Amino acid sequence: MEPVMPDTPPVQQVMAEENITPFTALKKYAVFSGRARRKEFWLFKLLTFAVMMVGQLVLANVVSSPVVLLVAGVISLLLIVPEIAVFCRRMHDVGKSGLMWFWNLLPLAGLLIPIPGSVQVLSLISTGILLFYELKDSQPGTNKYGPNPKGK
């Protein structure tokens, strides 16, 4: 009886073995194409949250120094592009367009509606819709945005 040799992993599975860190999205700074796993997306969210929290602590403990405010503003501006890029890739992973990002702007429509609480209601709606897709598992196999980063 011959020993059974394991199949060599396809290119997609090798790609899935990529080491994903909170900085993976920064390495793909302005890459809006392709797909991003939940792990890449949420680790980057955690990184940006930590950076913002540290920034808030510094700003709270330093008397409104213009230099500190300038640095905080620059960091925020630098994180906008990778934030949107990783979001677009995450939406691609679940088979949706990166244009889903515009759901973030839905609460602004509440400013036009003269009903108290309309901004909050629209914020809940847009957050719920986006969170649903951000938490959703990858679309299996290859979709129109590329191969599954999990290799499945």
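The side chains of Lys-150 and Asp-137 meet in a salt bridge, with 2.4 Å from N to O. The two residues both sit in the segment after H6, 13 residues apart, so the pair is counted as linking distant parts of the chain. Lys-150 is partly exposed at a relative accessible area of 22%, and Asp-137 is partly exposed at 40%. The model is predicted, and seven salt bridges are found in the structure. The protein chain has 152 residues, of which 28% are buried. Its secondary structure consists of six helices and zero strands.

**Salt bridges between other parts of the chain**

- Side chains of opposite charge can pair when their charged atoms come close.
- Glu-83 and Lys-45 meet through their side chains in a salt bridge of 2.6 Å, N to O.
- This pair ties helix H4, which holds Glu-83, to helix H3, which holds Lys-45, across 38 residues of sequence.
- Lys-45 has a relative accessible area of 28% and is therefore partly exposed, as the value falls between the 20% and 50% limits.
- Lys-28 and Glu-40 form another salt bridge between their side chains, at 3.7 Å from N to O.
- Here the link runs from the loop between H2 and H3, where Lys-28 lies, to helix H3, where Glu-40 lies, and the two are twelve residues apart.
- The two partners differ in burial: Lys-28 is partly exposed at 22% relative accessibility, whereas Glu-40 is buried at 3%.
- Salt bridges with shared partners join Lys-28, Glu-40 and Arg-89 into one network.

**Segment after H6**

- Ser-138 is placed in the segment after H6.
- With a relative accessible area of 10%, Ser-138 is buried, because the value is under 20%.
- Ser-138 and Asp-93 are separated by 45 residues in sequence, while their C-alpha atoms are 5.3 Å apart in space.

**Nonpolar core**

- In soluble globular proteins, nonpolar side chains tend to be buried together.
- The largest nonpolar core of this model contains 13 residues.
- Phe-44, Val-86, Phe-87, Met-91, Met-100 and Tyr-133 have the most contacts inside this core.
- Two or more core residues come from each of H3, H4 and helix H6, the last of which spans 118–135.
- H4 supplies the largest share of the core, with four residues.

**Helix H4**

- H4 covers residues 66–93 and has 28 residues.
- From the first C-alpha of H4 to the last, the helix reaches 41 Å, close to the 40 Å expected at 1.5 Å a residue.
- A bend of about 25 degrees occurs in H4 at Ile-80, and the proline Pro-82 follows within four residues.
- Just after H4, Gly-95 adopts a positive phi of about 85 degrees.

**Nonpolar patch on the surface**

- A nonpolar surface patch is formed by Val-51, Met-52, Val-67, Val-71 and Ile-75, which together have about 370 Å² of accessible area.
- Helix H3 (38–61) and helix H4 each give two or more residues to the patch.
- H4 contributes the most to the patch, with three residues.
- Val-67, one of the patch residues, is found in helix H4.
- The relative accessible area of Val-67 is 57%, so this residue counts as exposed, the limit being over 50%.
- H4 thus appears in both settings: it gives the most residues to the surface patch and the largest share of the largest nonpolar core.

**Loop between H1 and H2**

- Ile-20 lies in the loop between helix H1 (11–16) and helix H2 (24–27).
- Despite its place in a loop, Ile-20 is buried, with a relative accessible area of 11%.
- The C-alpha atoms of Ile-20 and Phe-41 are separated by 9.8 Å, and the two residues are 21 apart along the chain.

**Overall layout**

- Along the sequence, the protein chain follows the pattern α-α-α-α-α-α.

Terms used. Residues numbered from 1 in each chain as written. Predicted model: local features only at pLDDT ≥ 70, side-chain atom pairs only at ≥ 80, totals over all residues. Heavy atoms only, no water. Patch = residues over 30% accessible without salt bridge, like charges linked within 9 Å, V, L, I, M, F, W, Y side chains within 5 Å. Areas by Shrake-Rupley, 256 points an atom, 1.4 Å probe, with all protein chains shown as cover. Salt bridge = Lys/Arg side-chain N within 4 Å of Asp/Glu carboxyl O. Buried < 20%, exposed > 50% of the residue type's maximum accessible area, 1.4 Å probe, protein only. Expected span 1.5 Å × (residues − 1). Bend = angle between axes of the 7 residues up to and from the residue. Core = buried A, V, L, I, M, F, W, Y, C linked by side-chain atoms within 4.5 Å.
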